[in-house]
Amino acid sequence: MLSKLSSEESVTRIETVNLGRAWITPRYRRTDRVITMIREFAKKNMKSNEVKLDQDLNRQIWRRGKTNPPRKVRLKLVKDEDGAVVVSLYDEATKDEQNKKGSEESKSSELSEGPAASE
């Protein structure tokens, strides 16, 4: 029964991948090599043969062209029940910004309600 529970739940990991080895390959193949490195990393760490890359991750890697991919990437790896691994960007920065905006909005609403209530 324990094996059933673990297979039904999805496994999520957040990893930082160093992509500096892509600079060993010729300049015109660097981004292709980075994509291959990410796939190999996901296969090795999540122990699955089926790896899918998220569209946002692909755009982030290809944003600076074929010859100048990023040196390292923060990834979120999610393994589904059927064994497929979905690799996407880990957006810690956007989560922090949303938390700050939420706290600023609550402070501004408290300030705006304070003087209105006293009138």
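Hi everyone, let's start in a loop: Lys47 lies between α2, which covers residues 30-46, and β2. Do keep in mind that this is a predicted model. What is the phi of Lys47? The angle is near 55°, a positive value, and the residue is something other than glycine. Is Lys47 buried or exposed? Lys47 is exposed, with a relative accessible area of 67%; exposed here means over 50%.

Now let's step back to the whole chain. The protein chain has four helices and four strands. If you walk along from the N terminus, the elements come in the order α-β-α-β-α-β-β-α.

On to the sheet. As general background, strands of a sheet pair through backbone hydrogen bonds, and they do so either parallel or antiparallel. In our model, four strands form an open sheet, ordered β1-β3-β4-β2, and the pairing is mixed. Which strands sit at the edges? Those are β1, residues 11-18, and β2, residues 51-53, and each of them pairs on one side only. From one strand to the next, the twist averages 25°.

Let me zoom in on β3 and β4. Strand β3 takes in residues 72-79 and strand β4 residues 85-89, and the two pair in the antiparallel sense over five bridges. If you'd like a residue to click on, try Leu77: its bridge partner in β4 is Val87.

What lies across these strands? Helix α3, residues 55-62, lies across β2, β3 and β4. Relative to β4, helix α3 runs at about 50°.

Next, a side-chain detail for those of you who like rings. Where does the charged end of Arg71 sit? The answer is over the ring of Trp23, at 3.9 Å from the ring's centre. As for rings pairing with rings, a search of the whole structure finds zero aromatic pairs.

Finally, some totals for the chain. Of its 119 residues, 24% count as buried, where buried means under 20% relative accessible area. The accessible surface of the protein chain comes to about 8800 Å², and carbon and sulfur atoms hold 47% of that surface. Then there are the contacts: among those in the protein chain with a separation of 6 or more, 66% come from residues 24 or more positions apart.

So if you open the model after the meeting, have a look at exposed Lys47 in its loop, at Leu77 opposite its bridge partner Val87, and at Arg71 over the ring of Trp23. Thanks for listening!

Conventions. Residues are numbered from 1 along each chain as its sequence is written. This is a predicted model: local features need pLDDT of at least 70, side-chain atom pairs count only at pLDDT 80 or more; totals for chains, interfaces and linings use all residues. Side-chain values use heavy atoms; hydrogens and water are left out. Two strands pair if DSSP finds at least two bridges between them. Axes are lines fitted to C-alpha atoms, for helices over the stretch in contact, and angles run from 0 to 180 degrees between N-to-C directions. Contact means heavy atoms within 4.5 Å. Buried means under 20% relative accessible area, exposed over 50%, partly exposed in between (1.4 Å probe, protein chains only). Accessible areas come from the Shrake-Rupley method with a 1.4 Å probe; for residues, only the protein chains shown count as cover. Rings of Phe, Tyr and Trp (its six-membered ring) pair if their centres lie within 6.5 Å; planes under 30 degrees apart count as stacked, over 60 as edge-to-face and the rest as tilted. A charge sits over a ring if NZ of Lys or CZ of Arg is within 6 Å of the ring centre and within 35 degrees of the ring normal.
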